[in-house]
Amino acid sequence: MTSEPIKTGGKVEPLRKTRPCPECGRPSARDHYPFCSDRCRTLDLSRWLTGAYAIPVSDDETKADSSDD
């Protein structure tokens, strides 16, 4: 069995393109994608857990599904 030499020095393509961090706007990091750091990721999670992010719901029930009839 012949072993092939390991090639080094090649260019490694990133898995994803860097994007601006949703919290601070800095370029995203591979380890914390889509955030730039663990701090920004934790801030976002904290907002989800405290209910700061919510899907708006209308109070008008006349537009609700009438399939219950």
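1. Secondary structure. In this predicted model, the protein chain contains one helix and zero strands. Helix 1 covers residues 38-50. Its 13 residues, at 1.5 Å a residue, should span 18 Å, and the end C-alpha atoms are indeed 18 Å apart, so expectation and model agree. Just after helix 1, Gly 51 adopts a positive phi of about 90°.

2. Burial and exposed area. The protein chain has 69 residues, of which 10% count as buried. The exposed area comes to about 6,900 Å², and carbon and sulfur atoms supply 52% of that area. Among contacts with a separation of 6 or more, 5% are between residues 24 or more positions apart.

3. The cis peptide bond. Tyr 33 and Pro 34 are joined by a cis peptide bond, with omega about 5°. Pro 34 belongs to the segment before helix 1. A colleague examining the backbone may wish to look at this bond together with the positive phi of Gly 51, which sits just after helix 1.

4. The salt bridge between Arg 47 and Glu 23. The structure holds two salt bridges. In one of them, the side chains of Arg 47 and Glu 23 meet at 2.6 Å, N to O. Arg 47 lies in helix 1 and Glu 23 in the segment before helix 1, so this pair ties together parts that are 24 residues apart in sequence. Arg 47 is partly exposed, at 33% relative accessibility, and Glu 23 is likewise partly exposed, at 22%. As a general point, side chains of opposite charge can pair when their charged atoms come close.

5. The salt bridge within the helix. Arg 41 and Asp 38 also form a salt bridge through their side chains, at 3.2 Å, N to O. These residues are three apart in helix 1, so about one helical turn separates Arg 41 from Asp 38. In general, an α-helix has 3.6 residues a turn, so residues three or four places apart point the same way. Arg 41 has a relative accessible area of 35% and is partly exposed; Asp 38, with 41%, is partly exposed as well.

6. A buried acidic residue. Which side chain of opposite charge is nearest to Asp 44? It is Arg 47, at 5.3 Å. Asp 44, a residue of helix 1, is buried yet has no salt bridge. A salt bridge requires a nitrogen to oxygen distance within 4 Å, and the 5.3 Å to Arg 47 does not meet that limit. Arg 47 is instead found in the salt bridge with Glu 23. Leaving aside neighbours within four places in sequence, Asp 44 is in contact with Glu 23, Phe 35 and Tyr 53.

7. Cys 40 and its surroundings. Is Cys 40 buried or exposed? Its relative accessibility is 2%, so Cys 40 counts as buried. Cys 40 lies in helix 1. Apart from neighbours within four places in sequence, the residues in contact with Cys 40 are Cys 21, Glu 23, Cys 24 and Phe 35. The C-alpha atoms of Cys 40 and Glu 23 are separated by 5.9 Å, although these residues are 17 apart along the chain. Glu 23 and Phe 35 thus recur in this note, being listed among the contacts of Cys 40 and also among those of Asp 44.

8. The nonpolar surface patch. Leu 45, Trp 48, Leu 49 and Tyr 53 form a nonpolar patch on the surface, and together they have about 460 Å² of accessible area. Leu 49 is placed in helix 1. This residue is exposed, with a relative accessible area of 68%. Tyr 53, another member of the patch, is also in contact with the buried Asp 44.

9. Thr 18 and Phe 35. Thr 18 lies in the segment before helix 1. With a relative accessible area of 60%, Thr 18 is exposed. The C-alpha atoms of Thr 18 and Phe 35 are separated by 9.5 Å, and the two residues are 17 apart along the chain.

How values were computed
Residues are numbered from 1 along each chain as its sequence is written. This is a predicted model: local features need pLDDT of at least 70, side-chain atom pairs count only at pLDDT 80 or more; totals for chains, interfaces and linings use all residues. Side-chain values use heavy atoms; hydrogens and water are left out. Helices (H or I, at least four residues) and strands (E, at least two) are DSSP runs, numbered from the N terminus. Buried means under 20% relative accessible area, exposed over 50%, partly exposed in between (1.4 Å probe, protein chains only). Contact means heavy atoms within 4.5 Å. Accessible areas come from the Shrake-Rupley method with a 1.4 Å probe; for residues, only the protein chains shown count as cover. Patches are made of residues with over 30% relative accessible area and no salt bridge: like charges are joined within 9 Å, nonpolar side chains (Val, Leu, Ile, Met, Phe, Trp, Tyr) within 5 Å. Lys and Arg count as positive and Asp and Glu as negative; His and the chain ends are not counted. The expected span of a helix is 1.5 Å times one less than its number of residues.
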